[in-house]
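Grab a viewer and a coffee, and work through these exercises one at a time. Try each task yourself before you read the solution.

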Amino acid sequence: MVKKLVMAQKRGETRALCLGVAMVVCAVITYYVLVTTLLPLYQKSVWTQESKCHLIETNIRDQEELKGKKVPQYPCLWVNVSAAGRWAVLYHTEDTRDQNQQCSYIPGSLDNYQTARVDVEKVRANFHEQQVFYCFSAPPGNETSVLFRRLYGPQTLLFSLFWPTFLLTGGLLIIAMVKSNQYLSILAAQK
């Protein structure tokens with residue numbers, strides 16, 4: 001009976017150790033992926049200065065107004081703001097600015113023109129409701145564009161690192177508990 005109990009404990013300890021090691025390995029792999037993908041984007045982001053933006057005008061540019069230019073065929077919201085005492089173009093995120101510099105907001109669904117138009121009008125109405133809002137600008141001051149929301153801010157970085165840290169801590173705790181249990185059982189067997 002005692003031998004079966006010891007064998008069951010040994011199998012359970014082995015499984016728990018394997019779980020702990022697997023959790024630590026997954027956490028290390030996740031840290032590697034985050035450091036190679038998200039951290040460079042965070043470091044490259046120059047939009048660190050937070051300021052208040054005052055809405056000047058909004059304009060929905062339809063596909064007819066953009067003829068002759070190499071622009072995708074979807075409704076496009078153009079927003080001008082006053083930020084830190086200067087005129088600027090507001091972009092939704094860093095990616096919006098990189099995708100199309102002639103649009104402040106690009107709708108999520110581009111498959112249906114009417115659905116995209118309704119989405120753009122909804123965003124435009126939100127800007128008109130709230131005339132003053134926070135935005136992000138680049139520190140040099142000569143930049144004529146600001147961001148409404150940063151994709152790669154400190155909150156995103158911390159939130160992305162939370163789960164791997166939780167996984168690493170859990171794995172190390174499991175390993176520590178199994179090892180301390182083994183040590184205590186050896187001490188009890190010696191007495």
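**Exercise 1. Strand β3 and its partners**

Is strand β3 (residues 86-91) largely enclosed by the rest of the structure or largely open? Work it out, then find its pairing partners.

*Solution.*

Before you start: this is a predicted model, in which local features need pLDDT of at least 70 and side-chain atom pairs count only at pLDDT 80 or more, while totals for chains, interfaces and linings use all residues. Residues are numbered from 1 along each chain as its sequence is written, and side-chain values use heavy atoms, with hydrogens and water left out.

Step 1. Set the cut-offs: buried means under 20% relative accessible area, exposed over 50%, and partly exposed in between, using a 1.4 Å probe and protein chains only. Strands are DSSP runs of E with at least two residues, helices are runs of H or I with at least four, and both are numbered from the N terminus.

Step 2. Count burial. Five of the six residues of β3 are buried, so the strand is largely enclosed by the rest of the structure.

Step 3. Look for partners, bearing in mind that two strands pair if DSSP finds at least two bridges between them. With strand β2 (residues 76-83), β3 pairs in the antiparallel sense over five bridges; Val 81 has Ala 88 in β3 as its bridge partner. A hairpin is formed by β2 and β3, with two residues between them, and Ala 84 in the turn has a positive phi of about 55°.

Step 4. Check β5 (residues 145-147) too. β3 and β5 run parallel and are joined by three bridges. Here Val 89 stands opposite Ser 145, and Tyr 91 stands opposite Leu 147.

**Exercise 2. The whole sheet**

In which order do the strands of the closed barrel run?

*Solution.*

Step 1. List the elements. The protein chain has four helices and five strands, and its pattern along the sequence reads α-β-β-β-α-α-β-β-α.

Step 2. Trace the barrel. Five strands close up in the order β1-β2-β3-β5-β4, with mixed pairing. On average, neighbouring strands of this sheet are turned by 55° against each other, direction ignored.

Step 3. Add the helix. α3 lies across β1, β2, β3 and β4 (132-137), running at about 130° to β1. Axes are lines fitted to C-alpha atoms, for helices over the stretch in contact, and angles run from 0 to 180 degrees between N-to-C directions.

**Exercise 3. Two residues and their contacts**

What do Ser 51 and Gln 101 touch, not counting residues up to four places away in sequence?

*Solution.*

Step 1. Use the contact cut-off: heavy atoms within 4.5 Å.

Step 2. Take Ser 51, which is found in strand β1 (residues 49-61). At 12% relative accessibility, Ser 51 counts as buried. Ser 51 touches Ala 83, Phe 133, Tyr 134, Cys 135 and Ser 137.

Step 3. Now Gln 101, in the loop between α2 (94-99) and α3. Gln 101 touches Trp 78 and Tyr 91. Gln 101 and Tyr 91 are 10 residues apart in sequence and 8.3 Å apart in space, C-alpha to C-alpha.

**Exercise 4. Aromatic rings**

How many aromatic pairs does a search of the whole structure find?

*Solution.*

Step 1. Rings of Phe, Tyr and Trp (its six-membered ring) pair if their centres lie within 6.5 Å; planes under 30 degrees apart count as stacked, over 60 as edge-to-face and the rest as tilted.

Step 2. The search finds six pairs. One of them is Phe 127 with Phe 148, edge-to-face at 5.5 Å centre to centre and 75° between the planes. This pair links distant parts of the chain, 21 residues apart: Phe 127 is in helix α3 (residues 113-129) and Phe 148 in the loop between β5 and α4 (154-190).

Step 3. Compare surroundings. Phe 127 is buried at 10% relative accessible area, whereas Phe 148 is partly exposed at 31%.

Step 4. Try Trp 163 and Phe 166. Their ring centres are 5.7 Å apart and their planes stand at 90°, so the pair is edge-to-face. Both residues lie in helix α4, three residues apart, about one turn of the helix. Phe 166 is exposed, with a relative accessible area of 52%.

Step 5. Finish with the cluster: Phe 127, Phe 133 and Phe 148 form one aromatic cluster.
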